Every structure is written in C-alpha cells, then in structure tokens.
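Dear colleague,

I am handing over a structure that I would like you to look through, and my notes on what was found in it follow directly after it. Please read them with the coordinates open beside you.

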Amino acid sequence: MRTKGAIAAGAATVLLAGGAGTMAAFTGGGGVGGGGVGAGSLALAQSGTPTWTDQNGAVAITNFRAVPGDTVTYAASFTITATGTNLKANLAVDSATITGDPALKAAMGTSVTATSGGATLPSNAGGVLITPAQNGKIVDVKVIFSFAPGTAGNVAQSAQINLSNFNVTLKQV
C-alpha cells in the first residue's frame, strides 16, 4: 500500500509541477486618452437649372446637331459635401453614362472645369480636385464636349449620342 501511496503522491507532484507554467504573470495597463473616430462623407447635389451653350450661345441640346469643330458646354452648380481629414476626390464625367454611336462618342472629347467663389479649382488627370475646403459650398461646373475639328470624311456623320442622362460624379482618390 505504501507503494500505491508513494506513486499517487508522485503523480500529484508531477501534475502540480506541470501546471506551474499556467500560473498568471504580472500585467498592467492604462488609458491612452484617445477619442472617437467618425467617418467622413462625400456627395454632390445639383442646385438650380443647368444650361447648354455652344461657341455661339445658348442651345437646345435635344435639337443640336454638332459638326466637327463645335464645342458644346453643359454648365451647372452643385452643392458639395466633402468631410474627412485627408479626403481628396475627383469631380468628373462618367463616360459610361454617355450612350449612342461609338464613332461620334470617340470623336467628342470631354473635359471638366469648376470654380468655387470665383476661384478656379485645380484639376488632375482624373478631373477637378475636391477637398474638405469645398464642403458646403456651391461649385460651378462646366463639362465641355468638343467635336474634334480634324474628324475626317464621314466619320460619325448623321450619328447621335445621348447626353440627357450623363452623370457628373464625385469619387474619392
């Protein structure tokens, strides 16, 4: 019996010694004094009625028939929402929303310019640069469609593109 007791005592000692590695170690912590982080926002809303002009004045875009060398300009005002500490966005035209004849669409170059409070906003390869400095402000946008004057022969002759549903977009970069 003594042997069984000795074996049991030895087994208990091994079990206790094996569990010694799972004992809690000292730890500590403290507050870092942070705060909440909120998400920014990005949006544009058209304000007022847009206008269409060509190089000679106002046009009714639904009846306009462009020829090589013509420039047609869409002008509209948008209220910008741009909040976020490091926010940068491009204001541009979504070319996928311009539908119609591919030859005429290819012959029509598109560019975007914008002003805010009379000052021209900077542009980059993606469009007009929008930052939180424009948040809550009205931005006057011009989208210029230029029918390339060097369009040869009958390319795009009698063709049509639909500008009634094209979109001006604001995308974070």
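Two strands are taken to pair if DSSP finds at least two bridges between them. This is a predicted model, and that definition applies to the strand pairings described below, beginning with β3 and strand β10 (residues 138–147), which pair in the antiparallel sense over 9 bridges. Within that pairing, T79 stands opposite I138 in β10. On β3 (residues 71–83) there is also a pairing with strand β1 (residues 41–54), where 11 bridges join the two strands, again running antiparallel; here the bridge partner of L42 is A82 in β3.

These pairings belong to an open sheet of 6 strands, whose order is β2-β1-β3-β10-β6-β7 and whose pairing is antiparallel. Because β2 (57–58) and β7 (119–120) stand at the edges and each has a single partner strand, one side of each is left without a neighbour in the sheet.

Turning to the packing, the largest nonpolar core has 32 residues, and those with the most contacts inside it are Y74, L91, I130, V141, V143, F145 and F166. At least two residues of this core come from each of β3, β4 (89–94), α2 (102–107), β6 (108–116), β9 (127–130), β10 and β12 (167–172), with β3 giving the most, namely 6 residues. What does V141 touch, leaving aside its neighbours within four places in sequence? V141 is in contact with Y74, A75, A76, F78, L91, V112, T113 and A114.

Finally, there are two backbone values that you may wish to look at, both in the loop between β10 and β11 (161–162), where A156 and S158 are found. Phi of A156 is near 70°, which is a positive value in a residue other than glycine, and phi of S158, near 65°, is likewise positive in a residue other than glycine. Are these residues buried or exposed? With buried set at under 20% relative accessible area and exposed at over 50%, A156 counts as buried because its relative accessible area is 11%, whereas S158 counts as exposed because its relative accessible area is 76%.

With best regards

Conventions. Residues numbered from 1 in each chain as written. Predicted model: local features only at pLDDT ≥ 70, side-chain atom pairs only at ≥ 80, totals over all residues. Heavy atoms only, no water. Helix = DSSP H or I, 4+ residues; strand = E, 2+ residues; numbered from the N terminus. Core = buried A, V, L, I, M, F, W, Y, C linked by side-chain atoms within 4.5 Å. Buried < 20%, exposed > 50% of the residue type's maximum accessible area, 1.4 Å probe, protein only. Contact = heavy atoms within 4.5 Å.
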